Amino acid sequence: MKKFIIAGLLSSLAFSTQASEISADQQEARSIVKEFGGQLVPALKGAMKSGGPVAAIDVCNTKAPAIAKGLTEKHAPWNVNRVSLKPRGATATPDAWETETLKWFDEQIAAGADPKKLEKFEIVKVDGKETTRYMKPVMTGGLCLTCHGTAKQIPEGVKAKLADLYPNDKAIDYSEGQVRGAFSFQK
Ligand code: HEC
């Protein structure tokens, strides 16, 4: 009888330790999202205002990957990236777990979910190795359509530069309120 009680206590302890570890990781992932957005959005808005959209492409082309790299170094062992079902950037092609999660985000948004509250945190086993994964959707706003909208919405100069930099670009034809992609972190 005593044994059972101890076993029960131990397993509930194990559970609560694990639960608090999970929430610490999730909290950290959330704060990395804030850092990423906090660095990128003002840089993009500033560049759009001062130099126009063609010049602002440089922010997305060079600054966004640099921010991701900087945050990966700062928050090691987390790997910090952005992905999309219609990728543009060199590292934006999603793997199986990311693809599934991006589709789930789309479904949730279509069903009326609040994108601010939407996120996915999961510990998955890949080849026997535990990996902590986190994703948070990035929503399409009006400002984004200049570079991610329809052919009519994207100015000719932007089109030309995008075609030059991203010959396999899929990241167009979005409309406001759609999931453009997601922050995706793993460790
Ligand atoms: C000035 C043009 C421009 C604007 C405006 C712009 N983007 Fe992008 N976006 C890009 C480029 C270029 C890339 C590819 C970056 C790279 O090479 O890693 C990109 C990549 C992304 C990615 C990473 C996934 C992928 O497909 O590469 C996301 C997510 C994203 N943009 C979301 C947005 C959102 C949300 C907005 C509006 C707030 C926005 N973008 C506005 C040009 C733009």
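## Polar contacts of the ligand

An oxygen atom of the ligand lies 2.5 Å from an N or O atom in the side chain of Tyr166. This and everything below comes from a predicted model, so please read the distances and angles as values computed from that model. Two further residues reach the ligand with polar side-chain atoms. In Arg180, such an atom is 2.9 Å from an oxygen atom of the ligand. In His148, a polar side-chain atom is 2.9 Å from a ligand nitrogen atom.

His148 deserves a second look, as the ligand also carries an iron atom. The NE2 atom of His148 is the only protein donor of that iron, at 2.1 Å. If you would like to find this residue along the fold, look in helix α4.

## The shell around the ligand

Where does the ligand sit? Its place is the largest pocket. There are 22 residues around the ligand, and those that come nearest are Gly89, Cys144, Cys147, His148 and Tyr166. Tyr166 and His148 have thus appeared twice here, once among these nearest residues and once through their side-chain atoms, Tyr166 at 2.5 Å from a ligand oxygen and His148 at 2.9 Å from a ligand nitrogen.

Which elements supply at least two residues each to the shell? They are α1 (2–51), α2 (53–74), β3 (129–139) and α4 (145–148). Helix α2 gives the most, with five residues. Sorted by class, the shell holds 15 nonpolar residues, along with three polar and four charged ones.

## Buried residues with polar side chains

Strand β3, one of the elements that supply the shell, is also home to Arg133. Is Arg133 buried or exposed? With a relative accessible area of 4%, Arg133 is buried, because buried means under 20%. Its side chain has a polar partner: the side chain of Asp95, in a contact of 3.0 Å.

Asn81, in strand β1 (residues 79–83), is buried as well, with a relative accessible area of 15%. Here the partner is a backbone atom: the oxygen of Thr91 lies 2.8 Å from a polar atom of the Asn81 side chain.

Back in helix α4, which also holds His148, you will find Thr146. At 19% relative accessibility, Thr146 counts as buried, because the cut-off is 20%. Thr146 and Lys159 are 13 residues apart along the chain, and their C-alpha atoms are separated by 9.5 Å.

## Backbone details in the loops

Most residues other than glycine have a negative phi, and most peptide bonds are trans. Some spots in this model are worth checking with that in mind. The peptide bond from Ala76 to Pro77 is cis, with omega near 10°. Pro77 belongs to the loop between α2 and β1, and so follows the helix that gives the most residues to the ligand shell.

Two aspartates have a positive phi. For Asp127, phi is near 50°, and the residue is found in the loop between β2 (120–126) and β3. For Asp173, phi is about 65°, and its loop runs between α5 (156–165) and β4 (179–186).

How accessible is each of these aspartates, exposed or partly exposed? Asp127 counts as exposed, at 81% relative accessibility. Asp173, at 46%, counts as partly exposed, because that class lies between the cut-offs of 20% and 50%.

Terms used
Residues are numbered from 1 along each chain as its sequence is written. This is a predicted model: local features need pLDDT of at least 70, side-chain atom pairs count only at pLDDT 80 or more; totals for chains, interfaces and linings use all residues. Side-chain values use heavy atoms; hydrogens and water are left out. A residue is near a molecule or strand if one of its heavy atoms lies within 4 Å of it. A polar contact is a pair of N or O atoms within 3.5 Å; within protein, one must be able to donate a hydrogen and the other to accept it, and residues adjacent in sequence count only if both atoms are side-chain atoms. On a 1 Å grid over the protein atoms alone, a cavity is a set of points where a 1.4 Å probe fits but cannot get out, and a pocket is an open set with protein on both sides within 12 Å along at least five of seven lines; lining residues have an atom within 4 Å of a point. A molecule sits in a cavity or pocket if more than half of its atoms lie within 2 Å of its grid points. Helices (H or I, at least four residues) and strands (E, at least two) are DSSP runs, numbered from the N terminus. Ala, Val, Leu, Ile, Met, Phe, Trp, Tyr, Cys and Pro count as nonpolar, Asp, Glu, Lys and Arg as charged, and the others, Gly among them, as polar. Donors are N, O and S atoms within 2.8 Å of the metal (3.2 Å for Na, K and Ca); water is not among the atoms, so sites may look incomplete. Buried means under 20% relative accessible area, exposed over 50%, partly exposed in between (1.4 Å probe, protein chains only).
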